[in-house]
Amino acid sequence: MTSHPFLMSALLFVAPLASAGKPQLPLPTTAERGPAPSASSSTPLEWHALEDQAVQRLSAYLRIDTANPPGNELPAAQFLQRILESEGISSTLYPSAPGRANLVARLRGNGSKRPLLLLNHLDVVPADATAWKVPPFSGTVKDGVIWGRGAIDMKSIGIMQLTALIALKRSGVALQRDVIFMAVADEEAGGELGAAFMLKAHAELFSNLEYVLNEGSRGVERDGRPLYWEISPGEKAPLWLQLVARGTAGHASRPFPAAATHRLARALGRLASWEPPVRVLPEIQEFFATIAPLQPEPRRTWFSDIRAALQKPEVREDLSHTPDLAALVRDTVAITLLKGSAKMNVLPSEASAGLDCRLLPGTDPDQFLKTLREVIADDGLTIVEEERNRATSSPSDSEAMQVIRRVLAKHTPGVPVVSPITRGASDSRFFRERGISAYGVSPYMMDDSLYAGMHGVDERISVENLQRGCRIIFEVVEGIGGL
Ligand SMILES: [Zn+2]
């Protein structure tokens, strides 16, 4: 890979905030990168060694199969624990079920500020190996790219956070706050054995917690050029439903209209072609306006006032081809978990589909369900509610957000940092529900095709993204927590 315009010198990473407000140092070239000089109060950091270790560690971490279900995160937690141990950082395992565990380590600060939590999850979603170019649990490193389930979501960020913690320890940076590292189980299946378990069973670990840095959003790249960073202060609310059709079982040679599968299929057809109403929140209006200048026409014009533009069907149609953006302006319904007959020639007595709905902040779930029933337009079908969460958000002008913006701006001068809500949900919600500010900071820059690997096939991350991410997280933590 060619040298990147925002590969930064170790110089800037030792005492990044010491230079805040001072004239910007010129960006060194890749060739100029070298061992970091010592900051006055800390030990020089061998960033090259740390970066190389980060690649090896991620590769090894990806080889531990933590597909959830069943999760089996204990070996992964022990793997991270061994690394911490080798760095002289003690940590504790918190088992939550057989084979399932969470890991916590803490660097002590002087207590003048409230603690900061680096949160990541150990589990990943399952991977269909037959569709992948490399085995999904191989941790293959090839041509500057690290492959494997979890490379984006979110073992890479786990390693970035781990590296930041190690860098803080090695450098001896004096901390104002405790910095806590927590790798949790079960995020991909709702978090009951992970973050939710920890907050319930070990609440004392999080007393007085001020900030959480977790996964969420990303940097958006197009044609190899960074467009903007997304940092997420909030999330849409998952509403998970089962749509169930029941009927008389029968032989498939004699189909009838009221067969459960047929009834379900007709309802799903209506749902799939339904266009939920557009609703543009003020922060989303602002987000589109910020990224408008980066778009080709006609999007440039549309995005400058997206609320007005979305009145036109052609704009809504166009935006639907960018699901990542379309999901920001409306509640969504995805049809998943289709279940019907187990045999080709049998009409089953029951058929069902999962409806993964994601609601914008401010949408009333009961009202949404009422609308959904109208769209389904079949009172004979049952909607079973499986999970209902609230949309959560944290202040977007906090000290933590300011530091995050400053660090990202330093790494990628001129690249805007925007803070829309996240479309997906994460463990951040458990903390936000308790009044703790949680931010989604996934410090990698990816184009849409690469990002599609998350929960998809051929999930991978470039070495460059991983290594820059380690430094970004380190700087952010040092900025929020250091003296
Ligand atoms: Zn995740």
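## Around helix 6

Contact here means heavy atoms within 4.5 Å of each other. With that in hand, let's look at this predicted model, starting with helix 6, which runs over residues 260-272. What covers the buried residues of helix 6? The cover includes strand 11 (237-246), strand 13 (332-339), strand 15 (350-359) and helix 12 (365-376).

The buried residues of helix 6 are Ala-260, Leu-264, Ala-267, Leu-268 and Leu-271. They lie on the same side of helix 6, because they cover an arc of only 100° around its axis. The general pattern is a handy one: an α-helix has 3.6 residues a turn, so residues three or four places apart point the same way.

The length of helix 6 checks out too: at 1.5 Å a residue, its 13 residues should span 18 Å, and the end C-alpha atoms are indeed 18 Å apart.

## The zinc site

Now for the metal. Which residues coordinate the zinc ion? His-121 does so through NE2, Asp-153 through OD, and Glu-215 through OE, which is listed twice, at 1.8 to 2.6 Å. The angles among the four donor atoms run from 54 to 148°, and the site is irregular.

Along the sequence, the donor residues follow the spacing H-x31-D-x61-E. Asp-153 and Glu-215 link distant parts of the chain, 62 residues apart. Asp-153 sits in the loop between strand 5 (145-147) and helix 4 (155-171), while Glu-215 belongs to the loop between strand 7 (211-214) and strand 8 (219-222).

Are these two residues buried or exposed? Asp-153 has a relative accessible area of 6%, so it counts as buried. Glu-215 is buried as well, with a value of 10%.

How values were computed: Residues are numbered from 1 along each chain as its sequence is written. This is a predicted model: local features need pLDDT of at least 70, side-chain atom pairs count only at pLDDT 80 or more; totals for chains, interfaces and linings use all residues. Side-chain values use heavy atoms; hydrogens and water are left out. Helices (H or I, at least four residues) and strands (E, at least two) are DSSP runs, numbered from the N terminus. The expected span of a helix is 1.5 Å times one less than its number of residues. Buried means under 20% relative accessible area, exposed over 50%, partly exposed in between (1.4 Å probe, protein chains only). The arc is that of the directions from the helix axis to the C-beta atoms. Donors are N, O and S atoms within 2.8 Å of the metal (3.2 Å for Na, K and Ca); water is not among the atoms, so sites may look incomplete. Four donors count as tetrahedral if all angles lie between 85 and 135 degrees; four count as square planar and six as octahedral if opposite donors are over 155 degrees apart and all others between 65 and 115; anything else is irregular.
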